[in-house]
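Student: Could you take me through one part of this model in detail? I'd like to hear about the nonpolar core and the helices packed around there.

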Amino acid sequence: MSHVLTRWEPESPSFWQQDGKAVARRNLWISIPALTLAFAIWQVWSVAVLNMPNIGFNYTPNQLFWLAALPALSGATLRIFYSFMVPIFGGRKWTAISTASLLIPAIGIGFAVQDPSTSYVTMLILALLCGFGGGNFSSSMSNISFFFPKAEKGTALGLNAGLGNLGVSLVQFVVPIVITMSLFGALGGEPQTWVKGEATKQMWLQNAGFVWVPFIILSTLAAWFGMNDIASAKASFADQAVIFKRKHNWLMCWLYIGTFGSFIGFAAGFPLLMKGQFPDVDPSKYVFFGPLVGALARPLGGWLADKVGGAKVTQVVFVLMIAAVLGVLNFLPHAGQGGNFQGFFAMFLCLFALTGIGNGSTFMQVPTIFLTLHQRMAGKGDAAQKKAVADATKEAAAVLGFSGAIGAYGGFFIPKSYGTSIAMTGGVEAALYGFIAFYVTCLLINGWYYARKNAEVPC
């Protein structure tokens with residue numbers, strides 16, 4: 001059976017119903033678990049760092065923040081390159097290769113955390129390698145965008161990203177459980193002794209890496225044997241690089257920092273932030289709820305955007321995010337006094353939900369914007385319009401990947417902004433006020449170019 005699709009016309013209703021829909025959905029359902037695993041590997045350090053000081057790793061709080069933040073930095077950078085890989089290699093081949101690459105950090109972490117004498121530099125390198133998981137998002141979204149017609153892109157991309165984002169919640173839920181047991185017997189290594197005050201217990205922190213290995217192997221095989229490459233989606237880097245001249249590429253990158261950048265940044269920094277602001281609360285019991293809510297909200301954002309328009313949904317999201325950050329500020333303890341954990345947690349759940357909805361709506365906006373622009377420039381006639389659709393699809397796929405890359409830097413800057421704010425002012429309030437100022441700029445950009453009456457590209 002050939003894995004290359006020589007004819008692919010999802011905008012043709014007859015083709016879509018007879019052949020396209022089933023193939024597209026098969027590729028989507030294989031893509032989703034691969035992306036879920038990628039997100040799990042990307043964010044594994046956000047929970048692993050919580051236990052390292054108690055098993056003999058003498059790292060400062062700032063060093064722990066670096067381990068939680070570095071995967072986002074490398075992942076965001078890799079996304080820039082991954083954005084362009086699907087049209088060069090093919091979606092099937094690249095999904096299999098990029099999923100298999102997750103074995104490197106998963107196995108590396110499993111061995112490194114078993115020895116407290118492992119150098120901090122080694123840990124930093126492993127944190128950077130976890131960026132492989134972050135890079136996968138851009139190629140995955142680019143790939144799935146080729147398979148679906150305009151009317152279903154928002155929902156399909158929302159499902160791929162939203163259920164893929166579940167990997168963040170999954171890792172923050174699964175790791176605290178699997179490190180309490182010997183999953184792999186003698187193959188998994190000896191336990192470490194966890195010590196806090198007079199309390200001691202056995203812990204297998206290596207399972208934070210090892211637990212994902214069999215699933216990564218299965219997902220790699222599923223991608224290689226079950227997915228497809230689309231012949232018409234082939235394009236060189238030079239063909240795709242035209243997006244760097246497009247104003248709307250950069251505008252959507254900015255908006256995506258506000259939505260996805262907030263999601264991944266809040267997820268990476270949430271455990272350490274909670275532990276620092278409310279020392280009596282066990283973060284491992286709560287932190288996975290935030291990314292879970294955000295991931296589940298993303299398909300809703302895509303669906304809403306398909307129904308009422310992406311720009312309208314995005315506009316409401318930023319207004320409510322500003323209100324939610326003000327809520328967080330209201331419930332924080334001040335100078336170690338006061339504070340309300342329930343209110344703090346509720347406001348963060350609202351923030352996570354809003355970032356998820358905004359992730360879905362902004363990613364619906366991108367294909368609509370570029371299709372509109374290309375159709376305006378195209379001449380009349382079926383051939384010209386068909387070329388406009390093909391060109392718009394390739395550009396939009398590249399923009400989806402590239403904006404995902406730029407947005408992912410939020411995963412680095414948000415945790416580091418907490419650390420910097422604490423170091424300079426003694427609290428995290430300055431960082432949160434900075435987030436509000438940024439969301440105001442997103443509100444103005446989206447409103448002016450996309451949401452208002454007579455906007456340049458209504459969507």
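Tutor: Here is a walk through the core, then the helix contacts.

A word on the ground rules: this is a predicted model, so local features need pLDDT of at least 70 and side-chain atom pairs count only at pLDDT 80 or more, while totals for chains, interfaces and linings use all residues. Residues are numbered from 1 along each chain as its sequence is written, and side-chain values use heavy atoms, with hydrogens and water left out.

Let's start with the largest nonpolar core, meaning a set of buried Ala, Val, Leu, Ile, Met, Phe, Trp, Tyr and Cys residues joined through side-chain atoms within 4.5 Å. Buried here is under 20% relative accessible area, exposed is over 50%, and partly exposed is in between, with a 1.4 Å probe and protein chains only. That core has 140 residues, and the members touching the most others are Trp45, Met123, Trp212, Phe344, Phe348 and Tyr418. The top contributor is helix H13 (residues 247-277), with 14 residues; helices are DSSP runs (H or I, at least four residues) numbered from the N terminus.

Take Phe344. Skipping neighbours within four places in sequence, Phe344 is in contact (heavy atoms within 4.5 Å) with Phe270, Leu273, Met274, Phe278, Val328, Phe331 and Leu332.

Now for H13 and a partner. The axes of H9 (residues 150-178) and H13 come within 11 Å and cross at roughly 5 degrees; axes are lines fitted to C-alpha atoms, for helices over the stretch in contact, and angles run from 0 to 180 degrees between N-to-C directions. H9 and H13 are therefore roughly parallel, the label for angles under 35 degrees. On the H9 side, Asn165, Val168 and Gln172 make the contact, meeting Phe260, Phe263, Ile264, Ala267 and Pro271 of H13.

H9 also packs on H16 (residues 341-377): their axes come within 9 Å and cross at roughly 145 degrees. From H9 come Lys150, Lys153, Gly154, Leu157 and Asn165, and from H16 come Asn359, Phe363, Met364, Pro367, Thr368 and Leu371.

Back to Trp45, one of the residues touching the most other core members. Trp45 is among the buried residues of H2. Eight of the eight residues of H2 (residues 44-51) are buried, so H2 is largely enclosed by the rest of the structure.

Finally, Ser421 lies in helix H18 (residues 410-425). Its relative accessibility is 6%, so Ser421 counts as buried. Beyond residues up to four places away in sequence, Ser421 touches Gly426, Gly427, Val428, Glu429, Ala430 and Ala431.

Definitions and conventions. Helix = DSSP H or I, 4+ residues; strand = E, 2+ residues; numbered from the N terminus. Parallel < 35°, antiparallel > 145°, perpendicular 65-115°, else oblique.
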